[in-house]
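Here are my comments on the model you passed along. Have it open while you read, since the points go element by element.

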Amino acid sequence: MYPHLRRQLCFVIAACLLLDTRLALAAAKAEILDFRLARTGGSTRLVFDLNAPVEHSVFTLSKPERVVIDIQNVGLGIELPARPDGIPPIEGIRNAPRDKDGLRVVLDLSEPVRPKSFLLPPEDAAGYRLVIDLVGNGDDNNDAIQSPPMVAKRLPEVGPLRDLVIAVDAGHGGKDPGAIGKRGTREKQVVLAIARELARQINRERGMKAVLIRDGDYYIGLRERITKARLQKADLFISIHADAHKNTEARGSSIYALSLRGASSEAAALLADRENASELIGGVSLDDKDDLVASVLIDLSQTATIQSSLDVGDEILKDLKRHGKLHRESVQQAGFMVLKSPAIPSVLVETAFISNPEEERKLSNRQYQDKLAQTILSGIKRYFQRKAPPGTLLAQDNQPVEKDLTAASW
């Protein structure tokens, strides 16, 4: 071989070896795959999804107020929002490389906070998660989620595709007739008719499957309704009811999601019964977790689920407003038992007032029942056009989509 060719070949081999070394180092480097930011009450939570464990440190700076998060040996695989509007006290987010292989994230704040942080190990479908809690000096404990979580947009994962499962729950039944109208119309009968029609329409949609929680005139306990939805691996739980009031002039539709007060009482029960709780929050085992980590995992699941419930409820409410009169202009929150599934977005629809003579007559009308079901389905479809869970047919049809806030994604 000619000498100059030998030298060139040695140079190429050395370059390839150097490239392989750099690639190996890069492969060992962790990556931030996703980011979420949400506020509940007086606390703000940031969650970084990672493909590997990392070491990190958090400290504060004053004048102006800032929180600095240093993460070692990590790359940023997404774009962090520069100005997360509506999520106090964060006014801005900045990031830059640090010490060659690290990342520094700086949170510009409107007020001082006490940061807490911890790394959660992989559980079920969820990978490593770095959680940063910003606790304010005054926790107002508001009974509503004050601002929507910010979610980085990502393409859904590729894999076997499945149908969305929607659990349709007809309220009351059997020994429990529900409300009774002046003409003798029973709530349990009209809501079952609406639920059956809604299920029929859902099953006609591509990529969607309905499961009727009650498909006859029999009684089912409230906790059992949640269990049936979970066993069917439901992506959404929707409970159909008819409202009643002593004022016969009251009319219109309402939608309810779970309140934070109701979630708190349920979280306490889940923490006390960890073995069963692991099934309810998406298969994440709590047996080997201390109280702090277990409560955080439950809180993550519940917070995301409540926000998704408010979101889907808002979509349904928009269509109900076009269909007829609303009793409440926004999604309400209450501690109804059937809404307490920590990992399944759940809403309760008060279709109309059975105590109002005009609405009682409409609720008994087959065409009105069909129209109500169609209206509810329209809102459900619009929600899942934005937030179809990864691995579903709808997620493939609607690419790109936002990753849903369920227990697994947290």
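The points below start with confidence, then take the two sheets and a few residues in turn.

1. Confidence first. This is a predicted model, with a mean pLDDT of 79 for the chain. Of its residues, 73% reach 70 or more. One stretch to watch is residues 270-275, where the pLDDT is below 50; beyond near neighbours in sequence, that stretch still has 16 contacts in the model. Another is residues 400-410, again with pLDDT below 50, and here the count is 46 contacts beyond near neighbours in sequence. Where pLDDT is low, predicted coordinates should not be read in detail, so I'd leave the contacts of such stretches out of any fine-grained argument.

2. The four-stranded sheet. Its strand order is β3-β4-β7-β6, and the sheet is open, with antiparallel pairing. At the edges sit β3 (56-61) and β6 (90-98), each of which pairs on one side only. On average, neighbouring strands here are turned by 15° against each other, direction ignored. If you want to check the register at the β3 edge, β3 and β4 (residues 66-71) run antiparallel and are joined by six bridges. Ser57 is the residue to click on: Asp70 in β4 stands opposite it.

3. Val67. Staying in that sheet, Val67 lies in strand β4. Is Val67 buried or exposed? It has a relative accessible area of 0%, and since anything under 20% counts as buried, Val67 is buried. Its contacts beyond four places in sequence include Val58, Phe59 and Thr60. Val67 also touches Val105, Val106, Leu107, Leu109 and Val113, as well as Pro115 and Leu134. Take Pro115 from that list: it is 48 residues from Val67 along the chain, yet their C-alpha atoms are separated by 7.6 Å.

4. The six-stranded sheet. This one is also open, in the order β13-β12-β14-β17-β15-β16, but the pairing is mixed. β13 and β16 are the edge strands, each pairing on one side only. From one strand to the next, the twist averages 30°. Helix α8 (residues 366-387) packs on this sheet and touches β12, β13, β14 and β17. The direction of α8 makes about 145° with that of β14.

5. Strand β15. The mixed pairing can be followed at this strand. With β17 (residues 346-353), β15 pairs in the antiparallel sense over three bridges, and Ile255 has Val349 as its bridge partner in β17. With β16 (residues 332-334), β15 runs parallel, again joined by three bridges; there the bridge partner of Tyr256 is Gln332. How many of the residues of β15 (254-258) are buried? Five of its five are, so the strand is mostly covered under the 20% cut-off for burial.

6. Helix α3. Which residues of α3 (222-231) are buried? They are Arg225, Ile226 and Ala229. Seen down the axis of α3, these buried residues fall within an arc of 95°, so they line one face of the helix. The general background is that an α-helix has 3.6 residues a turn, so residues three or four places apart point the same way. As for what that face meets, the buried residues of α3 pack against β12 (164-170) and β14 (236-243). Just after α3, Lys233 takes a positive phi of about 55°, which is a spot to look at on your Ramachandran plot.

7. Asp215. This residue is in the loop between β13 (208-212) and α3. Its relative accessible area is 41%, so Asp215 is partly exposed, the class between 20% and 50%. Leaving aside neighbours within four places in sequence, Asp215 is in contact with Leu192 and Arg196. With Arg196 there is a side-chain to side-chain polar contact at 2.9 Å. Also for Asp215, the C-alpha to C-alpha distance to Ala195 is 8.6 Å, across 20 residues of sequence.

Methods
Residues numbered from 1 in each chain as written. Predicted model: local features only at pLDDT ≥ 70, side-chain atom pairs only at ≥ 80, totals over all residues. Heavy atoms only, no water. pLDDT = per-residue confidence, 0-100. Contact = heavy atoms within 4.5 Å. Pairing = 2+ DSSP bridges. Helix = DSSP H or I, 4+ residues; strand = E, 2+ residues; numbered from the N terminus. Axes fitted to C-alpha atoms, helices over the stretch in contact; angles between N-to-C directions. Buried < 20%, exposed > 50% of the residue type's maximum accessible area, 1.4 Å probe, protein only. Arc of directions from axis to C-beta. Polar contact = N/O pair within 3.5 Å; in protein donor to acceptor, adjacent residues only side chain to side chain.
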